[in-house]
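Work through the exercises below with the sequence and the structure side by side, and try each task before reading its solution.

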Amino acid sequence: PAPPRYAAPGDRVLVLGDGDCSFSNAVLGQRARRGDAEAEGLICTCLDERDVVTAKYGPAARKAISALEASALSNICFGVDATALLDTLPRSVAAADSFNCVVFNFPHTGSQRVHENRAMLSSFFGNVGSVLVPGGRVDVAMNGGPPYNKWGLTELAEAHKFLLVDRNPFRFEDYPGYSHRTTLRGAAVPSPQLKRSEIFTFMAVG
């Protein structure tokens, strides 16, 4: 059988904006069970600093952070801005052409204003190529309902020479322990719209 999506042998994966770090912790479990993922092949990042993350998300975040830091298969970085990766990732992590896959699940500025979220995604696609290996992919998970389906994700990616090459349902059951969080303190999102979420996969062209 094919390996889990983010646990292929030799893959180096960067997860952006991972709220309480529960998604990266779920992926770490997949990679650990395979037993052949490379050391520090998984890098989890949060926009907030460590003390803000633990204050917002509590014991679950502290547990996930401890697991990611304790494992030889992963690392975690705080204060990383998906729109300014080379400026906010540690230099040792942000080496040019570093990652096979960059994951950005449910990106959101915290504002419901469409133009602000479009600007954030445009800036993301404008700089993410700097940390991808040639032929690497970008996976963006998006909520299936409004206003997210009005952000023009594919259009914004194409403006920066990233073409949509695949799309698949986002299956929460594939990531045991993962809880989708908003930018608000302690907030989980039980919205039925999440059942229609998809992973949009892009690759750079030209």
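**Exercise 1.** Decide whether Val131 is buried or exposed, and find where in the chain Val131 lies.

*Solution.* Begin with the cut-offs: a residue is buried under 20% relative accessible area, exposed over 50%, and partly exposed in between, using a 1.4 Å probe and protein chains only. Val131 counts as buried because its relative accessibility is 0%. Next, place Val131 in the chain, where it belongs to the loop between α4 (114-127) and β5 (132-142); helices (H or I, at least four residues) and strands (E, at least two) are DSSP runs, numbered from the N terminus. Finally, look across to Phe99, which is 32 residues apart from Val131 in sequence and 6.0 Å apart in space, C-alpha to C-alpha.

The model is predicted, so local features need pLDDT of at least 70 and side-chain atom pairs count only at pLDDT 80 or more, while totals for chains, interfaces and linings use all residues. Residues are numbered from 1 along each chain as its sequence is written, and side-chain values use heavy atoms, with hydrogens and water left out.

**Exercise 2.** Compare the span of helix α2 (residues 50-70) with that of a straight helix of 21 residues, and locate the bend.

*Solution.* The expected span is 1.5 Å times one less than the number of residues, which gives 30 Å for a straight helix of 21 residues, whereas α2 spans only 16 Å between its end C-alpha atoms. Following the helix along, one finds a bend of about 130° at Gly58, with a proline, Pro59, following within four residues; the bend is the angle between axes fitted to the seven residues ending at a residue and the seven starting there. The buried residues of α2 include Val53, Tyr57, Ala61 and Leu68, and the buried residues of this helix pack against α1 (22-34), β2 (42-46) and β3 (74-78), contact meaning heavy atoms within 4.5 Å.

**Exercise 3.** Work out the order of the strands in the sheet, and say which strands form its edges.

*Solution.* Two strands pair if DSSP finds at least two bridges between them. The 7 strands form an open sheet with mixed pairing, in the order β3-β2-β1-β4-β5-β7-β6. Its edge strands are β3 and β6 (162-169), each of which pairs on one side only. Within the sheet, β1 (residues 13-16) and β4 (residues 99-105) run parallel and are joined by 4 bridges, and Leu16 stands opposite Phe104 in β4.
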